[in-house]
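Please open the model in your viewer and keep the selection panel at hand. The tour below moves from one selection to the next and says what is found at each stop.

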Amino acid sequence: PNPFSGKQITIELQGMQQREAVPVQIYNQQGVMMFDEILTSDGPGVLQREVSFENALPQGLYIIKAGKTLQLTRKIVVN
């Protein structure tokens, strides 16, 4: 969901051609990296993973970057 509470988010990437390792990063408005992990797809199709944060992300706007070149981006809002 967007906006979300800051505790847990579902990351979904479609169009996986094979079993792939995909870097995913989340940045806050100031450009500080809040999350950096490599997620691995189970096979062709969709990669879907629940990401939980030990401490909820503070309110604000965040940018998720994903893919081998980190060119896939999405803005999310934490309420």
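## A pair across the sheet

Begin by selecting Ile26 together with Ile64, since in this predicted model Ile26 stands opposite Ile64, a residue of β5.

Next, widen the selection to the two strands around this stop, residues 21-28 for β2 and residues 60-66 for β5, which run antiparallel and are joined by five bridges.

Now add the remaining strands of the sheet, β3 and β6, and follow the order β3-β2-β5-β6, which makes up an open sheet of four strands with antiparallel pairing. If you colour residues 33-40 and residues 72-78 separately, you will have marked the edge strands, β3 and β6 respectively, each of which pairs on one side only. Looking across the sheet, note that neighbouring strands are turned against each other by 20° on average, with direction ignored.

Then select the whole protein chain and switch to a cartoon: the secondary structure comes to six strands and zero helices, and the elements run β-β-β-β-β-β from the N terminus on.

With the C-alpha trace displayed, the chain spans about 35 × 20 × 20 Å along its principal axes. The radius of gyration of the protein chain is 12 Å, which agrees with the value near 12 Å that a compact globule of 79 residues would have.

Finally, display the surface, where the accessible area comes to about 5200 Å², 47% of it belonging to carbon and sulfur atoms, while 37% of the 79 residues count as buried. If you draw contacts with a separation of 6 or more, 58% of them are accounted for by residues 24 or more positions apart.

Technical notes
Residues numbered from 1 in each chain as written. Predicted model: local features only at pLDDT ≥ 70, side-chain atom pairs only at ≥ 80, totals over all residues. Heavy atoms only, no water. Pairing = 2+ DSSP bridges. Axes fitted to C-alpha atoms, helices over the stretch in contact; angles between N-to-C directions. Rg over C-alpha atoms; globule rule 2.2 N^0.38 Å. Buried < 20%, exposed > 50% of the residue type's maximum accessible area, 1.4 Å probe, protein only. Contact = heavy atoms within 4.5 Å. Areas by Shrake-Rupley, 256 points an atom, 1.4 Å probe, with all protein chains shown as cover.
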